[in-house]
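Here is a friendly walk through one protein model, from the whole chain down to a few single residues. Have a look at the fold, then read on.

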Amino acid sequence: MCISKYLCQKLLTQSRITSKGTVLYLNRSFKKYSKFITGDIMAAKKFIGCLLLAICVQAILAADYDYSTSSGKGPNRWAQLFPNYCNGTKQTPVNIEVSKAQYANLGSLTMTGYETKADVDIKNNGHTFAVTVKPDTFSIKDGGLEGTYKLHSFHLHWGSDASKGSEHTVDDKMYPAELHLVHYNSKYANLSASLAHADGLAVLGIFFEVGDENAALQSFLKYTVNVTNRDSEIKGVSQTQTLKGLLPSNTDHFYRYSGGLTTPTCNEVVTWTVFNKTATMSKAQLDLLRNLQETNTTKLVDNYRPVEPLNGRIIQTTYKADSSTTAKPTGSGPNHLANHLAIIMALMAVTFKIVL
Ligand SMILES: [Zn+2]
C-alpha cells in the first residue's frame, strides 16, 4: 500500500488525525479496509496516511511533466499521465512531408499590433522561456483563419546542440529551435476558456537556424539571466523591439493543419501555421536559452516533444513550387543549350571574318 516507508512515516508525523472520533469516522468511510483499522488508532493513522500520500503522489505526477525519457514524466508517458488528450489522434508536433502537402490558396495572414511595443512578462516556467504579452495588443486574422485570434504569449523549444530542438520537422529535418506564438480565439473570454473549443487557438510556428543574431529575439533573451532558475519571473518589461522582427522575411508561405498543444494536456484545439521560411538566431542566443535551469541540477534543454502520427490529417501548403521559382541545376535545360549555340556561332563568325 505504501509507496515508500520513509515518505509514509514522514507524512504520518505531519498527520493531523489526532482524535479517536476522526479515526472512527474515517473507519466507517473505509469499511472495505476495516481489518487494517480494528480499534488500533496507530494502525488506522498509518493506513490513512499512506492512502493520502498515494493520492498526493498521484496528483503531483499527474500535474507535472518534463522531457526526460527516464523520469516517468516525459513525452513517452504523457498519453498515460494525461489520457484526456495526449493519446488523441490529432496530436502535435508532426513531420511535414513537403511532397504530400496539398496546395491551398489561403491568402495572407493579417497581423495587427506586431509593429507596436508594449510591456511583457518573462518567465522560466521549467518547461520553456515564456513571454506573456499585454492583453488585446496583438492579433492575427485571415490566411484561412475563421475570425480573429489574440496573442497571449510566445515561447521557444530548443536543443542541447544544433542538430535538434524544433518540435515540427520538415521531411524529417529538425531545426535548432522553434518559436510558438500562441493566439486564442477572440470569441472566447481568455486562453483557458479557449482550450475547451476545437477552434480555440491559432499558433504560429517559426523555425530558427543558427546564423545572424536576431535583434527582436535578443530584446527578450537578454532577460534570460534574470530568470535562470525555474519559476523565476520578471514583470512589466518594456518592449524595445517589435514582434515583427521575430517573424521570417516571408509570412505568405506556410503549412496549415489541425492539431493540439505540444505540452500536456495536449488539447486538440489548435489551428497550426508553420512558416516555410526560416528565421535565424546566433549560437550565443541559443546558449542563453541553454543556460536556463529546468531544476536546481538540470539544464533546460531538448524541450521538444517527438513528432506524432498524422493519422490521415492533411497538411495544406500555400507555397506552390513552379518552374519560375524552382532553381534549375547548372548545365541543363534548353536555355543552357541555346547559350552554347550562340557562343559557337559567334566564334564561327569571328573565325570566318579573320580568314576572309
Ligand atoms: Zn510550444
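Two residues are in contact if their C-beta atoms, placed from the backbone, lie within 7 Å. Among contacts in the protein between residues at least 6 apart in sequence, 70% join residues at least 24 apart. Please keep in mind that this is a predicted model: local features need pLDDT of at least 70, side-chain atom pairs count only at pLDDT 80 or more, and totals for chains, interfaces and linings use all residues. Residues are numbered from 1 along each chain as its sequence is written.

**Overall picture**

The secondary structure comes to 8 helices and 15 strands; helices (H or I, at least four residues) and strands (E, at least two) are DSSP runs, numbered from the N terminus. A residue is called buried if 20 or more other C-beta atoms lie within 10 Å of its own, exposed if 12 or fewer, and partly exposed in between, with C-beta atoms placed from the backbone. By that rule, 32% of the 356 residues of the protein count as buried.

**The core**

A nonpolar core is a set of buried Ala, Val, Leu, Ile, Met, Phe, Trp, Tyr and Cys residues joined through C-beta atoms within 7 Å. The largest one holds 59 residues, and Val-203, Ile-206 and Phe-208 touch the most other members. Strand S10 (residues 201-210) gives the most to this core, with 7 residues. Apart from its neighbours within four places in sequence, Ile-206 has contacts that include Leu-179, Leu-246, Phe-275 and Ala-279.

**Strand S7 and its partners**

Strand S7 (residues 149-158) is mostly covered, with 7 of its 10 residues buried. Two strands pair if DSSP finds at least two bridges between them. The table gathers the pairings of S7 and, further along the chain, S12.

| Strand pair | Sense | Bridges | One facing pair |
|---|---|---|---|
| S5 (residues 129-133) and S7 | antiparallel | 3 bridges | Ala-130 and His-155 |
| S6 (residues 139-142) and S7 | antiparallel | 2 bridges | Ser-139 and Lys-150 |
| S7 and S9 (residues 177-185) | antiparallel | 9 bridges | Ser-153 and Val-182 |
| S12 and S13 (residues 270-275) | antiparallel | 6 bridges | Tyr-255 and Val-274 |
| S12 and S15 (residues 316-317) | antiparallel | 2 bridges | Arg-256 and Gln-316 |

The hairpin of S6 and S7 has 6 residues between the strands, and there Gly-143 takes a positive phi near 60°.

His-152 is found in strand S7. Is His-152 buried or partly exposed? His-152 is partly exposed, because 19 other C-beta atoms lie within 10 Å. Leaving aside neighbours within four places in sequence, His-152 is in contact with Thr-132, Val-182, His-183, Tyr-184 and Leu-191. Its C-alpha atom is separated by 6.0 Å from that of Val-133, 19 residues apart along the chain.

**Strand S12 and the loop before it**

Strand S12 is largely enclosed by the rest of the structure, because 5 of its 6 residues are buried. Asn-250 is found in the loop between strand S11 (233-238) and strand S12 (254-259). Why does Asn-250 count as exposed? Asn-250 is exposed because 11 other C-beta atoms lie within 10 Å. The C-alpha atoms of Asn-250 and Lys-277 are separated by 6.3 Å, although these residues are 27 residues apart along the chain.
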